[in-house]
Structure formats: structure tokens, C-alpha cells
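User: I am new to this structure and would like to go through it step by step. Please show it first, and then I will ask about its parts.

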Amino acid sequence: FCARWPLFYNRVDICQPFKLTGTAGVYDVFLRVEGGGAGGQSGAARLAVARALFKANPACHDRLQEGFCLLEDTRQRMSKMPGKAGARKGFPWTKR
């Protein structure tokens, strides 16, 4: 747990659904996340834990919703545009 997410706020992010629903220490959690950075992985883990808690106990939906635990991050990488070096970066400007 501490080796996977060395930053404190990432660990708090994962434990937030348990704190909101009052189920800390009740469930054992085994997660496997791939891709992205530590922040994105902790956000995905928080969403997975919140969805699992909601499926186990639908009465906790309002508390998870108030804590913004059931919202997923929809940001995605922009694709490369034609005529450009990358998604936003252009080619170097030359006068002649």
C-alpha cells in the first residue's frame, strides 16, 4: 500500500469511500491497476472501491455521492492533429 502510493494524499484518496460509509476495517480489498501515474491510479482505485461498496450496500449511495467518490475522471489524451507535430504543438516556424 505504501510502496504503491508513496504520497499521503493518494492513500487518503483510496480510503475516502471507507471513511464516508463507516466501513473502515470491515472489508479486505485487493486491487490491480495499470497505466497512468500514481494520482490517476489512486483515483481509479477510489472509484472501484466506491462502486464495490455501493454494490454491497446501496443505502450508502448518498454519502458516496456527496463525497464525489462515484464520479470518474473523463479526461483523455488528445490525439495528434494532421499538419501538426503533436496534439497542440506545431512545427517550428521558418521564414524561408
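User: With which residues is Leu 53 in contact, leaving aside its neighbours within four places in sequence?

Analyst: This is a predicted model, in which local features need pLDDT of at least 70 and side-chain atom pairs count only at pLDDT 80 or more, while totals for chains, interfaces and linings use all residues. Residues are numbered from 1 along each chain as its sequence is written, and side-chain values use heavy atoms, with hydrogens and water left out. Contact means heavy atoms within 4.5 Å. On that basis, and without the neighbours within four places in sequence, the partners of Leu 53 are Pro 17, Phe 18, Thr 21, Thr 23, Tyr 27, Cys 60 and Leu 64.

User: Which helix gives the most to the largest nonpolar core?

Analyst: A nonpolar core is a set of buried Ala, Val, Leu, Ile, Met, Phe, Trp, Tyr and Cys residues joined through side-chain atoms within 4.5 Å, where buried means under 20% relative accessible area, exposed over 50% and partly exposed in between (1.4 Å probe, protein chains only). The largest such core has eight residues: Phe 18, Val 49, Ala 50, Leu 53, Cys 60, Leu 64, Cys 69 and Leu 70. With three residues, the helix that gives the most to this core is H2.

User: Why does Val 26 count as exposed?

Analyst: Val 26 lies in the loop between helix H1 (8–21) and helix H2 (38–56), helices being DSSP runs (H or I, at least four residues) numbered from the N terminus. Val 26 counts as exposed because its relative accessibility is 56%.

User: How many residues apart are Arg 51 and Glu 72?

Analyst: Side chains of opposite charge can pair when their charged atoms come close. A salt bridge is a side-chain nitrogen of Lys or Arg within 4 Å of a carboxyl oxygen of Asp or Glu, and Arg 51 and Glu 72 form one at 3.4 Å, N to O. The pair links distant parts of the chain, with Arg 51 in helix H2 and Glu 72 in the segment after H3, and the separation is 21 residues.

User: What is the N to O distance in the salt bridge of Asp 73 and Arg 75?

Analyst: Asp 73 and Arg 75 are both exposed. Their side chains meet in a salt bridge, and the N to O distance is 2.8 Å.

User: What is the average pLDDT of the protein chain?

Analyst: The predictor's confidence in each residue is given as pLDDT, from 0 to 100. In the protein chain, 99% of the residues score at least 70, and the average is 89.

Terms used: Helices (H or I, at least four residues) and strands (E, at least two) are DSSP runs, numbered from the N terminus.
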